[in-house]
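Take a moment to look over the structure below. We will then walk through some of its charged residues, its helices and its loops.

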Amino acid sequence: MLTGTEIKSIRQGKASLSDTYCYVTNGELWVKNMYIAEYFYGSYNNHAARRDRKLLLQKKEIRRLEKDGKDAGFSIVPLRLFINERGLAKLVVGLGRGKKEYDKRQSIKEREDKRSMARMFMKS
């Protein structure tokens, strides 16, 4: 459920899903920490940039996501935000699984290798 200034900002492409996640409360699905920039032409009616927003889903879909999200290591995460052909804002959500310890070590090693290569090129 979006306000008028939020949908206008999304249409201008001023939204971000980084560090965003979803949670279920009282049979409702909410998205937390989604950034939608304030609308430039908005007045005192402008929205807060990082407020919690309610997602409109059918009860069956919410129950399935809630059941799957309760398992250890799984989170409900937004994947994509877009405007459909009818002009409505749509948010694609999915289940994400956290990394295992060995996956984290591999990612850290790759990041440090990349950093050391960049230092080598800067010195020469």
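Where is the place of K104? K104 sits in helix α3, which spans residues 101-123. Keep in mind throughout that this is a predicted model.

**A positive patch**

K104 does not stand alone: together with K99, R111, R115 and R119, K104 forms a positive surface patch. Why can K104 be part of a surface patch? Residues in patches need over 30% relative accessible area, and K104 is partly exposed at 39%.

**The two faces of helix α2**

Now turn to helix α2, which covers residues 59-69. Which residues of helix α2 are buried? They are I62, L65 and D68. These buried residues are on the same side of α2, because they cover an arc of only 135 degrees around the axis. There is a handy rule behind this kind of pattern: an α-helix has 3.6 residues a turn, so residues three or four places apart point the same way.

What does the face turned away from the buried side of α2 carry? That face holds the exposed residues K59, K60, R63 and K67. For K67, the relative accessible area is 57%, and residues over 50% count as exposed, so K67 earns that label. K67 also has a partner: its side chain meets that of D68 in a salt bridge, with 3.6 Å from N to O. So here an exposed residue, K67, is joined in a salt bridge to D68, one of the buried residues of α2.

**Salt bridges**

How many salt bridges does the structure hold? The answer is five. The table shows three pairs, including the one you have just met.

| Residue pair | N to O distance |
|---|---|
| E28 and K54 | 3.1 Å |
| K32 and D52 | 3.6 Å |
| K67 and D68 | 3.6 Å |

The E28 and K54 salt bridge links distant parts of the chain: E28 belongs to strand β3 (residues 28-32), K54 belongs to strand β5 (residues 53-55), and the two are 26 residues apart. Are these partners buried or partly exposed? E28 is partly exposed, with a relative accessible area of 26%, and K54 is partly exposed too, at 23%.

The salt bridge between K32 and D52 also links distant parts of the chain, with their positions 20 residues apart. K32 is in strand β3, while D52 is in the loop between β4 (35-36) and β5. K32 has a relative accessible area of 30%, which makes it partly exposed. D52 counts as partly exposed as well, at 26%.

Salt bridges can also join up into a network, and here E6, R51 and R53 are linked in that way.

**Two loop residues with positive phi**

Finally, look at two backbone angles. Which residue has a positive phi of about 60 degrees although it is not a glycine? This is D19, found in the loop between β1 (15-16) and β2 (21-25). D19 is exposed, with a relative accessible area of 65%.

N33 is another residue other than glycine with a positive phi, in this case near 70 degrees. N33 lies in the loop between β3 and β4. With a relative accessible area of 25%, N33 is partly exposed.

Notes. Residues numbered from 1 in each chain as written. Predicted model: local features only at pLDDT ≥ 70, side-chain atom pairs only at ≥ 80, totals over all residues. Heavy atoms only, no water. Patch = residues over 30% accessible without salt bridge, like charges linked within 9 Å, V, L, I, M, F, W, Y side chains within 5 Å. Areas by Shrake-Rupley, 256 points an atom, 1.4 Å probe, with all protein chains shown as cover. Salt bridge = Lys/Arg side-chain N within 4 Å of Asp/Glu carboxyl O. Lys, Arg positive; Asp, Glu negative; His and termini not counted. Charge placed at Lys NZ, Arg CZ, Asp CG, Glu CD. Helix = DSSP H or I, 4+ residues; strand = E, 2+ residues; numbered from the N terminus. Buried < 20%, exposed > 50% of the residue type's maximum accessible area, 1.4 Å probe, protein only. Arc of directions from axis to C-beta.
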